[in-house]
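Please work through the following exercises with the structure open beside you, attempting each task before reading its solution.

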Amino acid sequence: MVSRSTAPVQTAVDTGISTRLIAVWQRFADAERANLPLWLPVAFAAGIAAWFLLPLAAQRLALAGLLAGVGLAATLIRWRVPAVIALMMLAGMGGITLRSALVAHDILEAPRFVSFRAIVVQDSARPGNRRLVLAPDAGSGLPSRVRVTLRGAGVVAGLGAGARIELKARLAPPARAAVAGGYDFARRAWFDGLGATGFAIGAPRVLAPARGGSMADIRSALSQRIRDRVPGEAGAVAAVFVTGDQNAIPPATAQAMRDAGLAHLLSISGLHIAVVVGGTVFLLRRLLGLWPWLVLRVPIRSVAVAGAAIVGIGYTLLAGAEVPTVRSIIATLIVLAGLLMGRDAFSLRLLAAAAMIILLVRPEALLGASFQLSFAAVIAIVALYESAPGRWLVTVPQDEHKLHWLARHLAALLATGLVAELALAGIGVFHFGQAGLYGIAANLLAIPLTSFVIIPALVLAMLGEALGSGLGWPLAGTAVGWLIAMADSVASVPGAVLRLPEMPVWAFAGLVTGGLWLTLWRSRARLWGLVAVMAGVVGAVTAQPPDLVVAGDGGGAALRGEDGRLALLRTRPGGFLADNWAEAMGTDDTAALRLADVPGARCSPDACVASIDRGGRRWHLLATTSREFIDRSRFEPACAAADIIISDRRLPRWCTPRWLKLDRSALERSGAVSIWLDDARIRTSADSAGDHPWRAVGQVPGPAPGPVPALGPAGQ
């Protein structure tokens, strides 16, 4: 307690500290005034992220009220920056709320077999199957959009976008997250307008054939033409660069590209659009410059830029207009507009404008890895070349020697690759649980190969094809083969892939916030961003993976052993669930065991029991493995002796474990479950989905386990 005699002194000290803090802030704001607008889309994005992260409507409403209060109070006292930031965050929350309301649609309540008629909205061919997005007839009782996979279906005459068909299918609600807190397909399906997914039973009957001639048909035919001209995996990858169709790429090739840090080349986005548009500008300026009459009367540069914009839009449509491609062409069009206005083509302000436009139209894109990866890389590169070292790299001295020119360009290429990889590494680990350690070296070779050899060779090959000549295809196929060989070589190097368990959201937030602080400010205060980055790195490296993960239907589970290997219940290595579990636990599922092979586990045709030593205790696990009846006299004592029970059936009430019961009834409410045994902590997919509109019917946060029992010490 402060006495009366010291109160004035204390008040004076507090006032002095406040005055100094305000003075420091004012100096910082004055120094960074030109860069303050760059934080507008960041604040808008933060509001969108908060809407997704807060599971309950009451929490989102409370945050909205808080932001409105802060914005109003800061406005009244004329503290502009906090007022604008708070109101932009509020606008972000409002934008995603409006977007979610605009795409609202029915979701199938439970799996069912159904026969119905529909119009084919989208047709995508894949190796071994075909995926259709359908608009069922109004009287079918189904959601307005469903996605159906034709497994092993052959050629169906007349099937395609616009066809009217009749089929039988098993439909189910969009799948929830395979791992609690992981990628949630149901969320994506909500914004894509899908209310159900499933598999066709037999081939569909075509009632009215597809019209043909659509962009999707042209894209499919062109992809097949390229694969015919360039056989093998090189042809499949070559088709990606032209049409964006990744369906024919062999899984081993796709995995090698990911492990080598080259997977971004298989998604038509910034690099591809930049090469096509930039090449078009270059060629048009040179060709039009050969006509003196036109040069004297028309601004050649503006014509070339306008023509490049048209070519870029056409390339986007040909490539399927996927979200990464659309995002890239929007950013490119803004850059071209900047060129026409005489502005710097590559500036953080133009990038901020591009991000703002995308988030206004498709705010849910913020959560996508492609959005984050592309903007992170470009922001980092632009920030590099707006800094003093970057300007030094691109400043051309007078009478520069050729060796100096070569060294400067090599240094710039190395710096660009290093900065881009550092910006992408954290995002890759957060979304995919891994990062290619040799991606920098691989990209230093792969990006020039793609930009200056592969894409130009494919353009020449396509021009030759249009003129009736196939002379350009051998060069294109050879160049793509070099890229694949490079990916295989890098991916096969020991230690090429860094695997980490699921990164905590707060650690990812630290990486993103610190990275933005470093790149968007220009004064020395930006170095404080390193603190947030290091906190994020520490959080990612020290993240504790779950000890046990359970599928949302109880049909599979994975136990993490002391050596980090997975022990799988029912599920086989290489499957969808096993891949997701391995990603969450930071391991490789190819070395996984069966639960029955774990020391201390015993399995019968109907059930498995296992003992797990964690945190100085011994946990007892019981899992059913069949639907056969188990006599109560044998099963009830096993239930009572177990701490955790996992089952894909509804177990009777008398089957009561000492801590956690995960049977079909409980899992229908909770979805997938992750369990940390050291501190007896659980997380469910329902906890993440909360009461967002894409949650499954009847899904509620939980289950709530009872108090941790007094378990025996490890080894007993």
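**Exercise 1: Aromatic pairs**

Phe 52 is buried, with a relative accessible area of 8%, in what is a predicted model.

Task: Determine which kind of aromatic pair Trp 51 and Phe 52 form, and whether Trp 51 is buried or exposed.

Solution. Begin with the whole structure, where a search finds 13 aromatic pairs. For Trp 51 and Phe 52 the centre-to-centre distance is 5.1 Å and the planes stand at 90° to each other, an arrangement that is edge-to-face. Next consider accessibility: Trp 51 has a relative accessible area of 6%, and because buried means under 20%, Trp 51 is buried. Finally, follow the ring pairs outward, since they link Trp 51 and Phe 52 with Phe 191 and Trp 694 into a cluster.

Task: Classify the pair made by the rings of Phe 430 and Phe 508, and state which parts of the chain this pair ties together.

Solution. The ring centres of Phe 430 and Phe 508 are 4.0 Å apart and their planes lie at 10°, so the pair is stacked, given that planes under 30 degrees apart count as such. Phe 430 belongs to helix α16 (residues 402-432) and Phe 508 to helix α19 (residues 505-520), so the pair ties together parts that are 78 residues apart in sequence. As for accessibility, Phe 430 counts as partly exposed at 25%, whereas Phe 508 is buried, with a relative accessible area of 11%.

**Exercise 2: Arginines over rings**

Task: Identify the ring over whose face Arg 151 lies, and do likewise for Arg 681.

Solution. Arg 151 lies over the face of Phe 199, at 4.1 Å from the ring centre. Arg 681 lies over the face of Trp 676, and its distance from that ring centre is 4.1 Å.

**Exercise 3: Two helices that cross**

Task: Describe how helix α7 and helix α18 cross, and state which residues meet where they are in contact.

Solution. Two packed helices are described by the angle between their axes and the distance between the axes. The axes of α7 (residues 232-243) and α18 (residues 473-491) come within 9 Å and cross at roughly 100°. That crossing makes α7 roughly perpendicular to α18, because angles of 65 to 115 degrees are classed in this way. From α7, the residues Glu 233, Ala 234, Val 237, Ala 238 and Phe 241 meet Gly 477, Val 480, Gly 481, Leu 483 and Ile 484 of α18. By character, the residues of this contact divide into seven nonpolar, two polar and one charged.

**Exercise 4: Positive phi in two loops**

Task: Locate Arg 78 and Ala 680 in the chain, and decide for each whether it is buried or exposed.

Solution. Most residues other than glycine have a negative phi. Arg 78, although not a glycine, has a positive phi of about 60°, and its place is in the loop between α3 (57-76) and α4 (80-102). With a relative accessible area of 74%, Arg 78 is exposed. Ala 680, also not a glycine, has a positive phi of about 50° and is found in the loop between β18 (673-676) and β19 (681-684). Ala 680 is buried, its relative accessible area being 17%.

**Exercise 5: The chain as a whole**

Task: State how many helices and strands the protein chain has, and what share of its residues count as buried.

Solution. The secondary structure of the protein chain comes to 24 helices and 19 strands. Of its 716 residues, 45% count as buried. Among contacts with a separation of 6 or more, residues 24 or more positions apart account for 63%.

Definitions and conventions: Residues are numbered from 1 along each chain as its sequence is written. This is a predicted model: local features need pLDDT of at least 70, side-chain atom pairs count only at pLDDT 80 or more; totals for chains, interfaces and linings use all residues. Side-chain values use heavy atoms; hydrogens and water are left out. Axes are lines fitted to C-alpha atoms, for helices over the stretch in contact, and angles run from 0 to 180 degrees between N-to-C directions. Helices (H or I, at least four residues) and strands (E, at least two) are DSSP runs, numbered from the N terminus. Angles under 35 degrees count as roughly parallel, over 145 as roughly antiparallel, 65 to 115 as roughly perpendicular and the rest as oblique. Contact means heavy atoms within 4.5 Å. Ala, Val, Leu, Ile, Met, Phe, Trp, Tyr, Cys and Pro count as nonpolar, Asp, Glu, Lys and Arg as charged, and the others, Gly among them, as polar. Rings of Phe, Tyr and Trp (its six-membered ring) pair if their centres lie within 6.5 Å; planes under 30 degrees apart count as stacked, over 60 as edge-to-face and the rest as tilted. Buried means under 20% relative accessible area, exposed over 50%, partly exposed in between (1.4 Å probe, protein chains only). A charge sits over a ring if NZ of Lys or CZ of Arg is within 6 Å of the ring centre and within 35 degrees of the ring normal.
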